[in-house]
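Reader: Hi! I am a first-year student, and I would like to take a close look at a single part of this protein. Could you walk me through it?

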Amino acid sequence: TNELLQQYFNEVIFENETMLYAREGVKWDPRDFPDNATIVELISASKTGVLPMLDDECAIVGGSSEQWCSKLLKAHVKNKNFDVIKYRPGNFIIGHFAGQVEYESQAFLEKNRDVLGADIVRCLKESRGAFVRSLFAEHDRIFGTQESLDSRMVPRRSRAKKYTVASEFQGQLRNLMDRIRSTEPHFVRCIKPNPKNAPAVFDRRSVVEQLRYQGVLQAVEVSRSGFPMRLRHRQGVLRFHCLATGDTRRRLEAQIARCDFASAAQILFKGFVDDPTAGLVKDTWAVGSTLIFLKQAAVEVLSTALFACRRSAARSIQSIWRYVLQRRRFVMIRQAVLRLQAHGRGLMARRLSAALRRHRCAVRLQCAARGRSARRRRCHLMFALGRLQRAIRAWRARRQLARCLGSTVRIQRWRRRTVRRLREKRRWLCALLVQRAWRGHTGRKVCKLRMAAQQRRRSAGSRLLHSWRTRVCDRVMHRHENRDVMGRGGTLDRSSFGYVGECQALAEANTSGELLAAAAA
C-alpha cells in the first residue's frame, strides 16, 4: 500500500512539475525524478511478484515457505531491491522507498490461506447477528463454478476461484487506488511526537523513524530533484542584483529602470555564469516566462555570495556612521574648548584690570597721606627743630639712600634673573620651533593616527598657559606688595611702575609663544 501511494504521489508531483515547466518554457531532465516502479513490480508483478508467487505456492499441494523463498531468490537474484540473509535461511529483504525491511517467510503460507470453506462463509453471511453478517459481507467473491456464453454463443464453464488473503488485499488495494485517482489528491502526513502520547515530550528517534518510513524524506527528495526554489522575476532580480559586477550591473540597471524584469533576470544569471568568481553552474538555474527556477546548489552559492555582500555593506555603513559620530563629538569638544578659553581669558583680563585699579587707588591714597603727614611735621618742627631737623633729614636721607641701594640691588638681581629666564625661554622656544618643524614633518605621516593625541596636547597646553599666566600675575602682585611693605610709608617712586609695566610686557611677550609651549608639553 505504501509503495503504491508513494508511486501515485510521485506521479502527481511529476505531472504538476511537468505542467509548470512546460508552461514556463523551462527544459529539465525527467530522469532526475525518483521512481519506485521497480519496487512495485517486485511486489505485485503478475508472475514474478512476491504476492502472486505466494498465491501460486499456496495453490500447490505440499507448498512450503522454504520453497517459496527459494523461488523468490531465483526469480529476483539480480534485482537490487531484493536480497537474502545468508545466516538466517528463510528470511529475505525488500528495499522499499523508505528503507530496507526484513521479512520472515515461515508463517506466510498459513496466514495467506483462507481456511474457511465457501459453504461456511455463505452460511455465516446469512446469520441473524448483524455483527457476524458484517464480518463476512464479501462483495466481490463468487463461489462455485460459473457458466457464461462466449462471442459465438457457446456456453463456457469456468472453475471455482480460490481466494487468499493476498488476492483479497490486492483487490481492495486496486479499488482504493481507483477511488483515489478519481478524486483530487491532498497528501497529509501525521507525526506522533512520542510513542506514549504524553504532552510536551519530543522523542527525536521516533519522529525520525516516522519521517523515514512514511516517505517524508522521499517526498523532500522528490521536491529537490527539480528546481525547488522558484522566484518571480522582479523578486529574484531585486534580491540578487547586488551581486552583479561591471558591464552586467550597468545593463541590469538599465533593464530595471525600464521595468523589464524578464530580460533583467536573463542578463543577471548569464552574468553569474560568465563570471568565474560567482561559482554558479549553468544547469542549476533556469529563467521561465514568469518565474526564476533555482536548484539547491545554486541557492547555496547565491545565498553565500549574498550574505558576504550584505556583510560588507553593513561594515561600510557602520564605519561611516562611526565616522559621523566621532566627527560630531570632535566638533562639540572643539566648540566647548573654545568657549572655555574665551571665558578664561575674559576672567583673567577682568581680574588684571581690577588689580590695576586697586593699585592706582592705593598709590593715590598713599601720596595724599604721606603729603599731609609731611606738611604737618614740617609745620610743627620748622620753628623749634632747626638743627634737629637738619640732623634728622640727614639721617633720613642716609637711611633712604641705603633703602634705595638695597632696593636697587634687589631690582637688579630680579632683572638679571628675569633676563636670564627670558633668554632661556627664547632658547627653549627656538628648540620648540625646531622640534615642531621636525614633529610636523614626521607627524604628517601619521596624522590620522595622532590627531586625537594632538588635540589632547593642545588642551593640555591651554591649561598650562592658563596656570602659567596665573602664576606670573600672582608673582607680580606678590612682589609689588612686598615692595609696598618695605616702603613703610615712603613715597612710591617710578621704578615700581616701571617694574609692573615690565612684567606686563613680559606676559604679553610670552602670550605669543603659548602654542609652542602647548606643543612642547
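Is Ile 392 buried, exposed or partly exposed, and why?

Author: Happy to help! Please keep in mind that this is a predicted model. Ile 392 is partly exposed, because its relative accessible area is 34%, and buried would mean under 20% while exposed would mean over 50%. You will find Ile 392 in helix 15, which covers residues 386-443. Together with Leu 388 and Trp 395, Ile 392 makes a nonpolar surface patch of about 280 Å². A residue needs over 30% relative accessible area to be part of a patch, and the 34% of Ile 392 meets that.

Now let us set this spot against the whole protein. The protein exposes about 37100 Å², and carbon and sulfur atoms supply 57% of that area. Of its 521 residues, 28% count as buried. The secondary structure comes to 18 helices and eight strands. Take the contacts between residues at least 6 apart in sequence: 58% of them join residues at least 24 apart.

For a contrast with the surface, look at the aromatic rings. A pair of aromatic rings is described by the distance of the centres and the angle of the planes. The count of aromatic pairs comes to three. One of them joins Phe 82 and Phe 92, a stacked pair with 5.6 Å from centre to centre and 25° between the planes. Phe 82 sits in strand 1 (residues 82-84) and Phe 92 in strand 2 (residues 91-95), so this pair ties together parts that are ten residues apart in sequence. Both of these Phe residues, Phe 82 and Phe 92, are buried.

Phe 92 also pairs with Tyr 103. Their ring centres are 5.6 Å apart and their planes lie at 25°, so this pair is stacked. Since Phe 92 belongs to strand 2 and Tyr 103 to strand 3 (residues 100-104), the pair ties together parts that are eleven residues apart in sequence. The two partners fall into separate classes of exposure: Phe 92 is buried, because its relative accessible area is 1%, whereas Tyr 103 counts as partly exposed, because its value is 24%. Ring pairs link Trp 68, Phe 82, Phe 92 and Tyr 103 into a cluster.

Charged side chains give you another kind of pairing. Side chains of opposite charge can pair when their charged atoms come close. The structure holds one salt bridge. Glu 209 forms this bridge with Arg 205, and the closest N and O atoms are 3.7 Å apart. Because they are four residues apart in helix 9 (residues 204-213), Glu 209 and Arg 205 are separated by about one helical turn. Glu 209 counts as partly exposed, because its relative accessibility is 36%, while Arg 205 counts as exposed at 65%.

Finally, a word on confidence. The protein averages a pLDDT of 77, and 81% of the residues score at least 70. Confidence is highest in helix 14 (residues 296-381), at a mean of 90, and lowest in helix 18 (residues 514-520), at 39. Over residues 488-521 the pLDDT stays under 50, and for this stretch the model has 51 contacts beyond four places in sequence.

To come back to your residue: Ile 392 is partly exposed, and it shares its nonpolar surface patch with Leu 388 and Trp 395.

Technical notes. Residues numbered from 1 in each chain as written. Predicted model: local features only at pLDDT ≥ 70, side-chain atom pairs only at ≥ 80, totals over all residues. Heavy atoms only, no water. Patch = residues over 30% accessible without salt bridge, like charges linked within 9 Å, V, L, I, M, F, W, Y side chains within 5 Å. Areas by Shrake-Rupley, 256 points an atom, 1.4 Å probe, with all protein chains shown as cover. Salt bridge = Lys/Arg side-chain N within 4 Å of Asp/Glu carboxyl O. Helix = DSSP H or I, 4+ residues; strand = E, 2+ residues; numbered from the N terminus. Buried < 20%, exposed > 50% of the residue type's maximum accessible area, 1.4 Å probe, protein only. pLDDT = per-residue confidence, 0-100. Contact = heavy atoms within 4.5 Å. Phe/Tyr/Trp six-rings, centres within 6.5 Å; stacked < 30°, edge-to-face > 60°.
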